[in-house]
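Dear colleague,

I am handing over the structure we talked about, and I would be glad if you could look through it with the notes below beside you.

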Amino acid sequence: MNLEHTEVKFWGGLRTIGGTIISVQYKDARVIFDYGLIFSPASSIFDGKIKERNVNTVHDYVKLGLVPPIDGVYEKSDIAALDGLLSVEEDNRETAVIISHLHLDHMGGMGMLSPQIPVYLTDETVDLYETLETIGEKVPGHRPNLKKCHFHETFQVGEIKITPIPIDHDVIGACGFHIATPDGAIFYTGDFRLHGRHPELIEQAITKAKELAFDVLIMEGTTLQDIEESKNLIVPDATLPDQLTKEKEVVEKMQAILQETTGLGLFNIYHRNVERVQDIIALKNTSGRKVVFELETAYVADQLLDSKDFAVYVSADTKMEHAAGTLPEWKQALLEKYEHVEAKDMNANPAGYFVQTTYENSLELLDWNVENGAYIHANGTPLGDYDPAYHNLLKLLKYIGLERFVVGTGGHAMPQHLKYVLEKLDPKILVPLHSFHPERLVPDNGRLLLPEYNATYIINEHNMHKQ
Ligand SMILES: [Zn+2]
Ligand SMILES: [Zn+2]
């Protein structure tokens, strides 16, 4: 298996939003990026009703095709019943996995890997992951063998050189990767946007990638729509249209709604967007309302943010566990450190609070006085139509008479921004993926390559072609 040239294989993510898995091998060393799962409630066998098994987790995920059958990354004991797949023990290659950011479609499958496989994440990403682990958001399977890598610091797997380059996405620690072998180099963008808090990171990433030089650009194309819907060519343009909500405007929009609201303010967010958690804490000053987090998000804020000016929500269940002394230590510590808010406090003065409500905890709404309240839906799950839970949420809000305001913004660059970044990078070869319509992203000068699964691509003399 000792290769004389660089070999690239595409295992996932070519025509899906996420689940990007690509391997790059040179001689007896191999790098795989990323290792996510695709969230698709409509098509997934795991419907929330079938119980996932603890013992056969890896076997089940591989067998169901939720993670790909890649040789040399799974434990022998995990895949003993799967024919034709080499275990990590039987494979003499040096393999490392690198993860661009902590969204499930990029990291959800990393627990399937053998703990012998090092998994590299940036410093901030490891800190966030360890925080999530504590509050029960760990990946299924094994505890991954996490290794820290650092922005702009090149590290090696065999003779493959990897440089993490920071980009802006709606989660902290996100990066793209420059991956170089003696045959040529790849720049993988990860997920990115121009309308985030740090648009300068994209310009800097472009400069850095060009400085390091690359032959193949692997780029996300989430926002690309069906060509039939929009026959016009995508024109490169970095300006931010008025109708596009910029990340820094999300909190301003929340503030405007709160100002008009005479009742309780509620928000549903995704706390891996830690910067938005910080923005919400800051809303206390502008809205005059006390900001109240559920314990899980409070823990994220406590661990990763400097601002501690928030209270924690104590549900009836939490109160009972607290009294019985059965609360986990981390919850106990939060209750000792932060002000408690219960339903009765909020009901006495609804206009004095801005309180978190995640979908899982929806029944708490039944204890709250939500008259004249505003439910601000800011990219918390369920996200949209494709998720049956979304309709259930709308049904519930209607039932209790709570008005929903959609305030938020995504993590992905608009088509004209994708094209802008593409032309600035001006690659020799472009591989668009992480998209339902990757073929819509066409480079002006370089060659568009739409890879296939189960094929091998060779990088040789700074060019890539199908074997
Ligand atoms: Zn993604
Ligand atoms: Zn993402």
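The notes that follow cover the metal sites, the aromatic pairs, a cavity and some backbone details.

This is a predicted model, in which local features need pLDDT of at least 70 and side-chain atom pairs count only at pLDDT 80 or more, while totals for chains, interfaces and linings use all residues. Residues are numbered from 1 along each chain as its sequence is written, chains are lettered from A and ligands numbered from 1 in the order in which they are written, and side-chain values use heavy atoms, with hydrogens and water left out.

I begin with the metals. The zinc ion (ligand 1) is coordinated by Asp105 (OD), His106 (NE2), Asp191 (OD) and His434 (NE2), at 2.1 to 2.2 Å, where donors are N, O and S atoms within 2.8 Å of the metal (3.2 Å for Na, K and Ca), and since water is not among the atoms, sites may look incomplete. Along the chain these donors follow the spacing D-H-x84-D-x242-H. For the zinc ion (ligand 2), the protein donors are His101 (NE2), His103 (ND1), His169 (NE2) and Asp191 (OD), lying 2.1 to 2.4 Å from the metal, with the sequence spacing H-x1-H-x65-H-x21-D. The two zinc ions are 3.5 Å apart, and Asp191 coordinates both.

The site of the zinc ion (ligand 1) is irregular, with angles of 86 to 163° among its four donor atoms, and the arrangement around the zinc ion (ligand 2) is irregular because its four donor atoms subtend angles of 88 to 169°. As to the term, four donors count as tetrahedral if all angles lie between 85 and 135 degrees, four count as square planar and six as octahedral if opposite donors are over 155 degrees apart and all others between 65 and 115, and anything else is irregular. Among the donor residues, Asp105 and His106 are buried, as are His101, at 1% relative accessibility, and His103, at 10%; here buried means under 20% relative accessible area, exposed over 50% and partly exposed in between (1.4 Å probe, protein chains only).

Turning to the aromatic residues, a search of the whole structure finds eleven aromatic pairs; rings of Phe, Tyr and Trp (its six-membered ring) pair if their centres lie within 6.5 Å, and planes under 30 degrees apart count as stacked, over 60 as edge-to-face and the rest as tilted. One of the pairs is Phe267 with Phe293, which is edge-to-face, at 6.0 Å centre to centre and 90° between the planes. This pair links distant parts of the chain, with Phe267 in strand β12 (residues 265-268) and Phe293 in strand β13 (residues 290-293), 26 residues apart; helices (H or I, at least four residues) and strands (E, at least two) are DSSP runs, numbered from the N terminus. Phe267 is buried, with a relative accessible area of 0%, and Phe293 is likewise buried, at 0%.

Phe310 and Tyr338 form a stacked pair, 4.4 Å centre to centre with 15° between the planes. This pair also links distant parts of the chain, 28 residues apart, with Phe310 in the loop between α8 (295-304) and β14 (311-313) and Tyr338 in the loop between α10 (329-337) and β15 (340-341). Phe310 is buried, with a relative accessible area of 6%, and Tyr338 counts as buried at 7%. Ring pairs link Phe267, Phe293, Phe310, Tyr338 and Phe354 into a cluster.

There are also some backbone details to check. A cis peptide bond joins Phe33 and Asp34, with omega about -25°, and Asp34 lies in the loop between β3 (29-33) and α1 (57-63). Another cis peptide bond joins Thr381 and Pro382, with omega about -5°, and Pro382 lies in the loop between β17 (374-377) and α12 (388-400). Ala213, although not a glycine, has a positive phi of about 70°; Ala213 is found in the loop between α5 and β11 (216-220) and counts as partly exposed at 41% relative accessibility.

With best wishes
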